[in-house]
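Trainee: I would like to go through this model from its core outwards. Where should we begin?

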Amino acid sequence: MDKTPRVLLTAKAEELIDRLRAEHGEIMFHQSGGCCDGSAPMCFTVGEFLTGINDVLLGKVHGCNFYMSAFQFEYWQYTQLMLDVVEGRGASFSLEIPLGLRFIIYSQVYTEEQLKNLCTIYDGEGDELIYNQS
């Protein structure tokens, strides 16, 4: 049985990631905790946003690392995220903003079955983290 991913994405998000990767090279995401553009996923060129031990690597979406602060993850650990795209300009430094688009997140609570089979998470330095999933 495949592990339950913590982050999924729509076809529109996948297309935008391909477009941004073609223009900027390798990219990554960090789920903002409220600065600048509320709680929006922020897209950066790899190396532009530095992660550390206070960040959690939730997994990869379309080949891109997706991070969130450990503090924020405490609240979101029981929800699966869906990365999507909408028209409109956010007030952030995310790579898609000049295109008149913005990434957004939808979330849903895991089922009991999904909770039993979640993907491993890592801190921003690559060390495995264990969270109480009961």
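**Core, sheet and selected residues**

Trainee: How many residues does the largest nonpolar core have?
Mentor: A nonpolar core is a set of buried Ala, Val, Leu, Ile, Met, Phe, Trp, Tyr and Cys residues joined through side-chain atoms within 4.5 Å. Buried means under 20% relative accessible area, exposed over 50%, and partly exposed in between, with a 1.4 Å probe and protein chains only. In the largest such core, Phe29, Leu58, Phe66, Leu83 and Phe103 have the most contacts, and the number of residues is 23.

Trainee: What pLDDT do side-chain atom pairs need in order to count?
Mentor: Residues are numbered from 1 along each chain as its sequence is written, and side-chain values use heavy atoms, leaving out hydrogens and water. The model is predicted: totals for chains, interfaces and linings use all residues, local features need pLDDT of at least 70, and side-chain atom pairs count only at pLDDT 80 or more.

Trainee: Back to the core with 23 residues. Which elements give two or more residues to this core, and which gives the most?
Mentor: Helices (H or I, at least four residues) and strands (E, at least two) are DSSP runs, numbered from the N terminus. Those that give two or more residues are helix 1, strand 2, strand 4, strand 5, strand 6 (79-87) and strand 7 (101-109). With four residues, the element that gives the most is helix 1.

Trainee: Which residues does Leu58 touch, beyond those up to four places away in sequence?
Mentor: Contact means heavy atoms within 4.5 Å. Leu58 is among the residues with the most contacts inside the largest core. Outside its sequence neighbourhood, Leu58 touches Arg6, Val7, Phe66, Met68, Phe73, Leu81 and Ile121.

Trainee: How many residues are in the second core?
Mentor: This core is separate, and among its members are Met42, Phe44, Leu57 and Tyr67. The number of its residues is five.

Trainee: Which strands are at the edges of the open sheet?
Mentor: Two strands pair if DSSP finds at least two bridges between them. Six strands form the sheet in the order 3-2-5-4-8-9, with mixed pairing. Each edge strand pairs on one side only, and they are strand 3 (41-45) and strand 9 (128-129).

Trainee: Over how many bridges do strand 2 and strand 3 pair?
Mentor: Strand 3 is mostly covered, with four of its five residues buried. One bridge sets Gln31 against Pro41 of strand 3. The pairing is antiparallel, and the number of bridges is five.

Trainee: At the other edge, which residue in strand 9 stands opposite Ile121?
Mentor: Strand 8 (residues 121-123) and strand 9 run antiparallel and are joined by two bridges. The residue opposite Ile121 is Leu129.

Trainee: At about what angle does helix 1 run to strand 2?
Mentor: Axes are lines fitted to C-alpha atoms, for helices over the stretch in contact, and angles run from 0 to 180 degrees between N-to-C directions. Helix 1 (residues 11-24) lies across strand 2 (27-31), strand 3, strand 4 (55-61) and strand 5 (64-69). Its angle to strand 2 is about 125 degrees.

Trainee: With which side chain does His30 share a polar contact of 2.8 Å?
Mentor: A polar contact is a pair of N or O atoms within 3.5 Å; within protein, one must be able to donate a hydrogen and the other to accept it, and residues adjacent in sequence count only if both atoms are side-chain atoms. His30 lies in strand 2, and its 8% relative accessibility makes it buried. The partner side chain belongs to Asp55.

Trainee: Is Tyr67 buried or exposed, and which side chain makes a polar contact with the side chain of Tyr67?
Mentor: Tyr67 is found in strand 5. Because its relative accessible area is 9%, Tyr67 counts as buried. At 3.2 Å, the polar partner of its side chain is Asn65.

Trainee: Why does Cys43 form no disulfide with Cys64?
Mentor: A disulfide is a pair of cysteine sulfur atoms within 2.5 Å, and the structure holds zero of them. Cys43 is buried, at 0% relative accessibility. The closest cysteine sulfur to that of Cys43 is in Cys64, too far for a bond because the separation is 6.7 Å.
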